[in-house]
Structures are given as structure tokens and as C-alpha cells.
Amino acid sequence: MTALIIVSYLVLATALLVFLVNRWTIEKQQVLADNARQNAEYCETIILSCKDDAEALERAAILLGNNLRVTSKAIGSDVFFCDVEGRVGLCQHFFNYGNIQGKEGCEIHNKYQIPKEIIAEVAKDEYFATTKINSISNGEVFIAGAPVIINNELVGVVFAVEHVELSRNEYVTSIMKMYG
């Protein structure tokens, strides 16, 4: 009888875990996609308000970088702006500790190179995938992208990225604590 209770408990716990991990994946996709889209729209608004004024655009870069930093911290993911070639142009580290990183960029994001195939997919519409991008991670990442379009022309892409394994492990560990 005790064995039956234990087996039933394990079956229920496993079913709950599978359900919750599936639900978590859907929610993670939504959070990343929403934040990529919102930051892309914000970039469009700021860029349009500063067009033809290089000095205002430089000040706007600080504002955009700060917005990327706040978003990245709020959702626990990496949010950044890429040019149409897939190079990171603006990230959460653009304005760190009172210093502007400048043209050199940051040590982390300078290494990122988003494949042109992904940029092309984002240019068509919003994008989400679970994939491996060697310049970002050795493992799989969730990646959501939203186009930044000015005057019907793609000028860049905002991506929100999260490492699948790290994020999933943290989530599963939290769930297991309930049964621990």
C-alpha cells in the first residue's frame, strides 16, 4: 500500500513537472517576444524624433541603452539592438557606471554575431526560436527578435535572449523545492 502511494505521488509530481515546464516555455517565449517588440517600438520612436540631429541621436543612445539595461534586469534576459548585419550596436552595458562604452562597445556583446538568416526572418515579422548560436552560447538559447523599421526600411533588430539550460534548471529547482 505504501509503495502504491509513493508511486502515485511520483507519477503526479512528474506529470506536474512536465506540465509546468511546458507552460514555463510558453510564458518565457511571450515575455521575450513582448519585450523585444516593445524595445523595438521604443527605438523607432526615439530614432524618428532625433532624425537629422546627430547630437540628439547620441543622447538618445544613452536613453536607449539605459532602457535595454532596465529591461534586461527586469526580465532576467539579455536584450540588445543589432544592426542589419547582425552586429550588436547597443546593449545594456552601453552606459555603465557613468561611463559611455563608445564605439568599442562592450566586451560581452562585441563577440555576438546574429546569423543573417535570423535577421532576414525578423525583417519579415517578429521572430522566436529555440536555437544554438555559437557566438552567444555553447548551448541552446531562446531568442526573440523584433524589427526596427524607419520609413519602411529595416535599420536594425532588437533581440531578447535567454540561455535555455540555465533558465530551465533554475525553474525546475524552484519547483523541486516544493517537494523537497
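This briefing walks through the sheet, the helices packed on it, the nonpolar cores and one buried polar residue. The model is a predicted one. At its centre of interest is an open sheet of five antiparallel strands, in the order 2-1-7-6-5. Helix 2 and helix 3 both pack on that sheet, and the largest nonpolar core holds 25 residues.

**The sheet**

- Strand 2 (88–90) and strand 5 (127–132) are the edge strands; each has a single partner strand, so one side of each has no neighbour in the sheet.
- On average, neighbouring strands of the sheet are turned by 40 degrees against each other, direction ignored.
- Strand 6 (residues 140–150) and strand 7 (residues 153–163) run antiparallel and are joined by 10 bridges.
- Along this pair, Ile149 stands opposite Leu154 in strand 7, and Gly145 stands opposite Phe159.
- The two strands form a hairpin with two residues between them. If you check backbone angles, look at Asn151 in the turn, where phi is positive at about 50 degrees.
- Strand 6 also pairs with strand 5, again in the antiparallel sense, over six bridges. Here Thr130 has Phe142 of strand 6 as its bridge partner.
- Strand 6 is largely enclosed by the rest of the structure, because nine of its 11 residues are buried.

**Helices on the sheet**

- Helix 2 (residues 54–75) touches strand 1 (78–82), strand 2 and strand 7, and its direction makes about 150 degrees with that of strand 1.
- Helix 3 (residues 116–124) touches strand 5, strand 6 and strand 7; the angle between its direction and that of strand 7 is about 110 degrees.
- Within helix 3, the residues Ile118, Ile119 and Val122 are buried. They lie on the same side of the helix, because they cover an arc of only 100 degrees around its axis.
- The cover over the buried residues of helix 3 includes strand 5, strand 6 and strand 7.
- Exposed residues Lys116, Glu117 and Lys124 sit on the face of helix 3 turned away from its buried side.

**Nonpolar cores**

- As general background, nonpolar side chains in soluble globular proteins tend to be buried together.
- In the 25-residue core, the residues with the most contacts inside it are Leu32, Cys43, Val79, Phe81, Leu90, Val148 and Val158.
- Helix 1 (2–50), helix 2, strand 1, strand 6 and strand 7 each give two or more residues to this core. Helix 1 provides the largest share, with eight residues.
- Val148 shows how these parts meet: leaving aside neighbours within four places in sequence, its contacts include Ala40, Cys43, Glu44, Ile47, Phe81, Leu154 and Val158.
- A separate core of 19 residues lies apart from the largest one, and includes Cys82, Ile114, Val122 and Ala129.

**A buried polar residue: Gln92**

- Gln92 is in the loop between strand 2 and strand 3 (95–96).
- Its relative accessible area is 14%, so Gln92 counts as buried, the cut-off being under 20%.
- The Gln92 side chain makes a polar contact with the side chain of Asp78, at 3.1 Å.
- Beyond its neighbours within four places in sequence, Gln92 is in contact with Gly65, Leu68, Arg69, Ser72, Asp78, Val79 and His109. One of these, Val79, is also among the residues with the most contacts inside the largest core.

Key
Residues numbered from 1 in each chain as written. Predicted model: local features only at pLDDT ≥ 70, side-chain atom pairs only at ≥ 80, totals over all residues. Heavy atoms only, no water. Pairing = 2+ DSSP bridges. Helix = DSSP H or I, 4+ residues; strand = E, 2+ residues; numbered from the N terminus. Axes fitted to C-alpha atoms, helices over the stretch in contact; angles between N-to-C directions. Contact = heavy atoms within 4.5 Å. Buried < 20%, exposed > 50% of the residue type's maximum accessible area, 1.4 Å probe, protein only. Polar contact = N/O pair within 3.5 Å; in protein donor to acceptor, adjacent residues only side chain to side chain. Core = buried A, V, L, I, M, F, W, Y, C linked by side-chain atoms within 4.5 Å. Arc of directions from axis to C-beta.
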